[in-house]
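Hi everyone, thanks for making time for this. I'd like to walk you through a structure that will be new to most of you, so please have a look at it first.

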Amino acid sequence: MVRSQGGTVWSQAANGLGGTDLKWEKIAAAADGTVAACATEHQATSTFLVQGWNPDGTVKFIYRYPDPAGLYEDGAVDIIADGNEFAVVGYTNHGVPSGQTQTLLVRLDSNGNALFEHMFDLGPGTTFDESPVDMVRSGHGVIIAANQNYVGYVARIEGTTVDWNTTIQDPNNTMRLESISDGLSLLVVGQVGNAGGARDVFTMSLDNGALFQHLQFPTDQAILDTGGQDYVLTSVTSSGEIVAYKIDVFNGIDYMHVFGGTFYNGGQIEPGLDNSAYIVYQDSLAGQMLMNKWKFAPDTVSTDIVNNLAGPGRDYVLRTDQFGNPVVMGSTQDNNMRVNLAAWSWDKNLARQWHVQLTGNPSRDELPTDFVIDRDQRFYGVGKSTDPVAGDTKAVSWRVKTWYQAHPDTVRTVLGRHLSGGVDSLQSTDGLNYVSCRFFVPNQQIHPINIEFETEFPIDNVLPGSTSHTLFLTISSDTTGVVQSVQLFDWTAGSFSDEAITFLSPITIQVQLPGTGNLSRFYEPGTRRVKARTRIKQFGPTTSYGFCGFLDEVRWESFAE
């Protein structure tokens with residue numbers, strides 16, 4: 001059985017001070033393992049709130065922007081990690097005319113201590129009414145997009161100094177910036193005109209904020225999401241189709257693909273590592289989530305479909321981990337019509353890795369807002385939990401443990417003659433496709449067939465000396481009348497391990513580690529490669545015709561808690 005089911009390490013739900021409603025907005029992970037989320041805490045006035053956790057779920061710090069008398073309207077919008085620090089952007093009306101706000105940037109260390117708290121007026125003059133909408137990291141500084149009086153501003157800030165500040169506006173219409181994403185340049189999305197107006201896209205220099213180009217899209221296309229370095233974005237037409245674009249920073253649209261079907265909600269896009277992009281959205285008629293991988297040249301799309309989704313209006317959050325594997329956080333619906341948080345992971349070929357469904361509270365609906373995967377592949381998600389009867393909303397957070405699996409990407413017959421099959425034949429135990437080989441028996445001497453296979457995991461070696469890390473190797477064989485053994489390659493010793501497990505085929509065997517010693521010896525230093533071999537030996541009387549070996553599936557699995 002594929003061990004693709006993750007599990008919850010911890011989960012928490014909490015109201016704000018005084019039992020007020022609370023929803024975590026964004027989450028980030030520092031280099032030392034601390035994770036932190038930001039929110040706006042609504043009481044008589046609103047509060048700029050950041051909470052940090054240790055990996056074990058204990059609360060490490062709680063930070064509120066100082067307002068001892070509770071006089072100001074403050075709020076947090078976005079958080080990013082920078083080494084062992086967090087940059088948090090929001091707004092405050094401290095020191096500005098009543099009913100107006102300006103941008104607030106706070107930098108915290110991983111213990112929640114404020115390194116600085118600074119207010120910025122990114123727009124000109126003394127009319128504030130400023131609201132930040134998005135932030136990305138830039139060196140040891142940040143780039144913030146904000147709106148003021150229906151004009152957009154994008155500024156790079158290092159410490160408390162504004163390096164550059166670019167105005168984005170339309171001479172004939174109002175302009176409201178909505179998002180930014182970064183790669184080799186900035187990709188900025190803004191809405192032109194009133195609600196329902198067209199969305200425009202601007203590409204900008206990271207160095208000085210200079211505008212490279214302004215792309216205008218048809219009025220029947222609403223931009224759903226942008227994806228960083230490949231300058232990819234999606235939009236939906238009035239007929240209900242998703243359109244994905246790959247944009248050149250200077251020269252407009254490079255590639256375009258129209259996804260048929262009946263798009264309903266949740267369109268998200270992220271660039272892949274191999275001239276590709278991942279697109280996820282909900283099909284309204286079938287009630288399915290479609291995870292797509294779009295390769296630009298040649299124009300090809302592969303799709304995995306997930307069923308049992310929550311009803312309409314449920315968003316997704318799509319990210320790629322440090323190895324380029326797509327991960328989605330969304331929600332499913334149980335038999336009581338309650339909405340539960342869920343997450344899915346795929347490898348770069350859209351083979352599912354793990355799936356986690358959380359909570360299942362019979363009286364609450366839980367919806368996602370953001371997640372992060374830290375450098376040790378630990379998954380943390382945040383969102384909100386609502387009681388539809390009482391109207392109570394809690395901020396929820398959780399961490400999950402995950403399984404990653406991989407099939408061999410090389411296979412070779414070392415002793416014996418290869419007859420048929422390759423790595424594609426080892427993807428599943430189907431009883432139809434095999435790697436087969438034959439060994440002829442000269443002079444009635446028994447010789448084994450040796451088949452070696454190796455793979456590169458979609459994750460790094462996670463805490464190899466820890467008991468929280470487990471490695472499995474599963475081999476299925478349909479060879480009859482033979483004895484078969486499995487050996488793992490010890491990269492420290494430079495040879496196959498003596499820890500062979502022998503069994504009588506046909507059978508499926510699973511080798512579980514750790515057995516003895518440190519797991520890191522089974523990973524090639526500096527890489528994520530693992531290697532093993534199976535030896536097939538004739539059992540019983542020999543014949544001059546030799547014997548065959550049939551290998552049906554080989555699957556590696558790694559568990560990161």
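**A walk through the contacts**

Let's start with one pair: D274 and K293 join their side chains in a salt bridge, with N and O 2.9 Å apart. This pair connects distant parts of the chain, 19 residues apart. D274 belongs to the loop between β22 (263-271) and β23 (276-283), while K293 is in strand β24, which covers residues 288-295. Now, are these two partners buried or exposed? D274 is partly exposed, because its relative accessible area is 29%. K293, on the other hand, is buried, since its value is 6%.

Before we go on, please keep in mind that this is a predicted model.

Let me step back to the whole chain for a moment. How many helices and strands does the protein chain have? There are zero helices and 43 strands. The chain has 561 residues, and 56% of them count as buried. If we take contacts between residues at least 6 apart in sequence, 54% of those join residues at least 24 apart. As for the surface, the chain exposes about 22,800 Å², and 48% of that comes from carbon and sulfur atoms.

Back to the salt bridges, then. The structure holds 13 of them, and I'll show you two more. One of them is between K23 and E25, whose side chains meet at 3.7 Å, N to O. K23 has a relative accessibility of 28%, so it counts as partly exposed. E25 is partly exposed as well, because its relative accessible area is 25%.

The other one is between R137 and D82, and here the closest N and O atoms are 3.2 Å apart. R137 lies in strand β10 and D82 in strand β6, residues 74-82, so this salt bridge ties together parts that are 55 residues apart in sequence. R137 is partly exposed, because its relative accessible area is 43%. D82 is at 9%, so it counts as buried. This pair also belongs to a network: D82, E85, R107 and R137 are joined by salt bridges that share partners.

Let's stay in this neighbourhood and move along the chain. S138 is found in strand β10, which covers residues 130-138. S138 is buried, because its relative accessible area is 12%. Which residues does S138 contact, leaving aside its neighbours within four places in sequence? The answer is I143 and R156.

Next comes G139, in the loop between β10 and β11, the latter covering 141-148. Not counting residues up to four places away in sequence, G139 touches D82 and R156. You've met D82 already, as the salt-bridge partner of R137. G139 and D82 are 57 residues apart in sequence, and their C-alpha atoms are 8.7 Å apart in space. R156 has come up in both lists, for S138 and for G139.

Now for the aromatic rings. A pair of rings is described by how far apart the centres are and by the angle between the planes. The count here comes to 11 aromatic pairs. One of them is W294 with F296: the ring centres are 4.8 Å apart and the planes are at 80 degrees, so the pair is edge-to-face. The cut-off behind that word is over 60 degrees. Are these two residues buried or exposed? W294 has a relative accessibility of 0%, so it counts as buried. F296 is at 5%, so it counts as buried too.

Elsewhere, ring pairs link W10, W24, W53 and Y380 into a cluster. There's also a charge over a ring to look at: the charged end of R319 sits over the ring of F371, 5.7 Å from the ring's centre.

My last stop is on the surface. I253, M256 and V258 make a nonpolar patch there of about 250 Å². M256 has its place in strand β21, which covers residues 252-259. With a relative accessibility of 45%, M256 counts as partly exposed, because that word applies between 20% and 50%.

If you'd like one thing to look for on your own screen, try the network of D82, E85, R107 and R137, and then find G139, which touches D82. Thanks for listening!

Conventions
Residues numbered from 1 in each chain as written. Predicted model: local features only at pLDDT ≥ 70, side-chain atom pairs only at ≥ 80, totals over all residues. Heavy atoms only, no water. Helix = DSSP H or I, 4+ residues; strand = E, 2+ residues; numbered from the N terminus. Buried < 20%, exposed > 50% of the residue type's maximum accessible area, 1.4 Å probe, protein only. Contact = heavy atoms within 4.5 Å. Phe/Tyr/Trp six-rings, centres within 6.5 Å; stacked < 30°, edge-to-face > 60°. Lys NZ or Arg CZ within 6 Å of the ring centre and 35° of its normal. Patch = residues over 30% accessible without salt bridge, like charges linked within 9 Å, V, L, I, M, F, W, Y side chains within 5 Å. Areas by Shrake-Rupley, 256 points an atom, 1.4 Å probe, with all protein chains shown as cover. Salt bridge = Lys/Arg side-chain N within 4 Å of Asp/Glu carboxyl O.
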